[in-house]
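Colleague: Could we go through the side-chain contacts of this model together, taking the charged pairs before the rings?

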Amino acid sequence: MPTDAVTSGDRLQAALAAIDAANAGDPHTIRIGGRVRPKEQAHAELMTQWVQRLDSEADDAQLVAARAHHLRRWLLPRSDYPEGRAGYLRWRTAQAKRHAADVAEIVISVGYDEAFASDVSAIVAKKGLAADPRVQTHEDALCLVFLQTQFDELADKLGDAHMAEVLAKTMAKMSPSARLIAQDLAMNPRAAALLESAGGGG
């Protein structure tokens with residue numbers, strides 16, 4: 001049993017390191033904690049942290065899915081698809097398929113089996129959202145990372161009225177406990193007011 005545990009831990013760390021290395025190539029950057037980082041690499045680390053906070057017993061599949069949720073996302077830019085919702089949905093579908101294939105290749109290369117790869121891919125694709133609490137945890141983490149890192153930029157782009165609609169849709173995706181956590185995020189007064197109006201109080 002101890003040997004199995006070590007092997008499992010080694011596999012997990014190898015998978016996370018490989019995903020980090022892949023995301024390190026992101027040409028887009030973000031400033032977090034005073035440091036400029038590759039955007040998807042930083043987002044992936046935040047996702048992992050949120051999943052661990054939301055579920056202290058998160059399994060390997062959850063942690064790998066969190067780290068790989070937007071694996072090398074920049075390689076398939078939104079601009080390659082038509083404007084509008086139909087184009088957006090086509091892009092999202094293509095991204096989901098590519099993420100699933102890429103993360104499956106990584107986890108199998110470090111010693112996980114096909115069943116594990118399929119499990120990770122299902123979480124990344126948010127399959128079984130209504131039935132699998134692990135997928136809800138993944139969704140909650142995605143929403144919290146969005147609020148942490150993209151709120152201000154998107155609000156400036158969309159304006160307060162449209163942003164309130166986006167936030168209402170975001171809050172509707174989240175579990176009650178995650179909505180309460182969202183309330184406690186450090187936000188400027190404008191962001192806090194919009195969040196409150198969108199139902200951030202639960």
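Modeller: Before we start, a residue is called buried when its relative accessible area is under 20%, exposed when it is over 50%, and partly exposed in between, with a 1.4 Å probe and protein chains only. This is a predicted model, in which local features need pLDDT of at least 70 and side-chain atom pairs count only at pLDDT 80 or more, while totals for chains, interfaces and linings use all residues. Residues are numbered from 1 along each chain as its sequence is written, and side-chain values use heavy atoms, with hydrogens and water left out.

Colleague: Is R67 buried or exposed?

Modeller: R67 forms a salt bridge with D20 (a side-chain nitrogen of Lys or Arg within 4 Å of a carboxyl oxygen of Asp or Glu), and the closest N and O atoms are 2.7 Å apart. The partner D20 has 15% relative accessibility and is therefore buried. Because its own relative accessibility is 12%, R67 is likewise classed as buried.

Colleague: How many residues apart in sequence are the parts that R72 and D102 tie together?

Modeller: The closest N and O atoms of the R72 and D102 salt bridge are 3.6 Å apart. R72 lies in the loop between α3 and α4, whereas D102 belongs to helix α4 (helices being DSSP runs of H or I with at least four residues, numbered from the N terminus), so the parts tied together are separated in sequence by 30 residues.

Colleague: Which residue forms a salt bridge with E45?

Modeller: E45 has a relative accessible area of 22% and is therefore partly exposed. In its salt bridge, the closest N and O atoms are 2.9 Å apart, and the partner is R37.

Colleague: Turning to the rings, why is the pair of Y88 and W91 classed as it is?

Modeller: Rings of Phe, Tyr and Trp (its six-membered ring) pair if their centres lie within 6.5 Å, and planes under 30 degrees apart count as stacked, over 60 as edge-to-face and the rest as tilted. The centres of the Y88 and W91 rings are 5.9 Å apart and their planes stand at 45 degrees, so the pair is tilted.

Colleague: Which residue lies over the face of Y112?

Modeller: Y112 forms a stacked aromatic pair with F116, at 3.8 Å centre to centre and 10 degrees between the planes, and both residues are buried. A charge sits over a ring if NZ of Lys or CZ of Arg is within 6 Å of the ring centre and within 35 degrees of the ring normal. At 4.9 Å from the ring centre of Y112, the residue over its face is R11.

How values were computed. Helix = DSSP H or I, 4+ residues; strand = E, 2+ residues; numbered from the N terminus.
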